[in-house]
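Reader: I have a protein structure open and would like to learn to read it. Please take me through it step by step.

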Amino acid sequence: MNDHLIGIQISKFRKAAGLTQEELGEAVGISGQAVSRWECGGAPDVALLPAIADKLGVTIDALFGRDGSERLDVEGVVGRYLCSFPVKERLDKLCRLVWASVKHQLDDGLGIPEMGYLETCHPDTGDGRNRLMLSQIKTSGGILLDIHAEDLSFVTLWPEPKDGYAAWLAPKSEYRHLFELLARPGCLELLECLHCRKRSYFVAEAAAKQLKMPCKTVEELLKALEERQILRSMELELESGEVKAYELAEPAAFVPFLYLARCFMQTGMNYICVGNYDTPLLQKEKWKEQYSSRNVVQTGANYIHFGSYEKR
């Protein structure tokens, strides 16, 4: 067994997976010091090789520096890798995996440099402006918007549809109605308030009291948000009569919406901005009439919608 080669391979794949020596050691039942010894020229016990390969997402042949003769079940390996972490950490680990995959697998000759996660997404630039370290990548296959930092990370992948991006946009009138609603005094504050509480029905008077806003103003905002299907309502029968109660329709969309809006509003602070920007993102000739005229106000059309919304 080529002990030194195995150690080199383990070190390479461990770093690519974003794992520390301690994390790899814990996953296979040994100490971080033992992993360090492997990478400095030692070798693991043969019985540990399957567990090491699974954790690193490679074949055992790859640990010996050989192309694997078997076809790697990537979905299974990634699934086992993510399940080895506590549930609370899995989304963060998935973000790291996606970023590692993107920077290593792009085939458009972009020459993305080797980069790990940043310490912070908003370093002091000296000009008093608080901007995010946003990554933008545009290729022939689509676009990526990403922040990879210890204090904030997210990744959005946008493969270009066959009919182009424009075919799936809402009519401009829908966007105007939405943005006009969000611009109304108190609307963003109301939505922020609702996302800071557990998901449950509430009445206008309770929201008005918490926000210290006139009840009539809150009632008008709630009605408008319900019309946009951002809220849904039900009638409650009380001794004093019927009253309308509201709840958020899609509580997971608000935060990503605000993040992407902030990214759209800033410039000059991209950590990496590469790709071919000569080709327009929106191809108007692909904008089919059937999409440009449709009404896209919607809720509840998620293919998968599960999880606990009790905790904010």
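Reader: Is strand E2 mostly covered or mostly open, and how many of its residues are buried?

Author: This is a predicted model, in which local features need pLDDT of at least 70, side-chain atom pairs count only at pLDDT 80 or more, and totals for chains, interfaces and linings use all residues. Residues are numbered from 1 along each chain as its sequence is written, and side-chain values use heavy atoms, with hydrogens and water left out. Buried means under 20% relative accessible area, exposed over 50%, partly exposed in between (1.4 Å probe, protein chains only). Strand E2 covers residues 142-148 and is mostly covered, with a buried count of five of its seven residues.

Reader: What counts as a strand or a helix, and how many of each are there?

Author: Both are DSSP runs, numbered from the N terminus: helices are H or I with at least four residues, strands are E with at least two. The protein chain comes to 13 helices and seven strands.

Reader: Which strands does E2 pair with?

Author: Two strands pair if DSSP finds at least two bridges between them. Five bridges join E2 to strand E1 (residues 134-139) in the antiparallel sense. Seven bridges, also antiparallel, join E2 to E3. The partners of E2 are thus E1 and E3.

Reader: Which residues stand opposite Asp146 in these pairings?

Author: Asp146 lies in E2 and is the bridge partner of Ser135. Asp146 also stands opposite a residue of E3. The two residues are Ser135 and Val155.

Reader: How many residues join E2 to E3 in their hairpin?

Author: E1 and E2 form a hairpin with two residues between them. A hairpin also joins E2 to E3, and its link has four residues.

Reader: What is the strand order in the open sheet of three strands?

Author: Its pairing is antiparallel. The edge strands are E4 and strand E5 (231-238), each pairing on one side only. E5 and E6 are joined by eight bridges, and Glu237 has Glu242 in E6 as its bridge partner. The order is E4-E6-E5.

Reader: How many aromatic pairs are there, and which class does the pair of Phe154 and Tyr259 fall in?

Author: Rings of Phe, Tyr and Trp (its six-membered ring) pair if their centres lie within 6.5 Å; planes under 30 degrees apart count as stacked, over 60 as edge-to-face and the rest as tilted. A search of the whole structure finds four such pairs. Phe154 and Tyr259 are 5.6 Å apart centre to centre, with 10° between the planes, so by the cut-offs their class is stacked.

Reader: Why does this pair tie together distant parts of the sequence?

Author: Phe154 belongs to strand E3 (residues 153-159), while Tyr259 belongs to helix H12 (residues 254-264). Phe154 counts as buried at 12% relative accessibility, and Tyr259 is partly exposed at 34%. The pair therefore ties together parts whose separation in sequence is 105 residues.

Reader: How far apart in sequence are the parts tied together by Phe202 and Tyr246?

Author: Their rings form a tilted pair, 6.2 Å centre to centre with 35° between the planes. Phe202 is buried at 7%, and Tyr246 is buried at 7%. Phe202 lies in strand E4 (residues 202-203) and Tyr246 in strand E6, so the parts are apart by 44 residues.

Reader: Which residues are in contact with Leu225, leaving aside its neighbours within four places in sequence?

Author: A nonpolar core is a set of buried Ala, Val, Leu, Ile, Met, Phe, Trp, Tyr and Cys residues joined through side-chain atoms within 4.5 Å. The largest has 23 residues, and Leu225 is one of those with the most contacts inside it. Contact means heavy atoms within 4.5 Å. For Leu225 the list is Leu181, Cys187, Leu190, Leu191, Ile230 and Leu231.

Reader: Over which residues is the pLDDT below 50?

Author: pLDDT is the predictor's confidence in each residue, from 0 to 100. The protein chain averages 81, and 80% of the residues score at least 70. Where pLDDT is low, the predicted coordinates should not be read in detail. That applies to residues 287-297 and residues 299-312.
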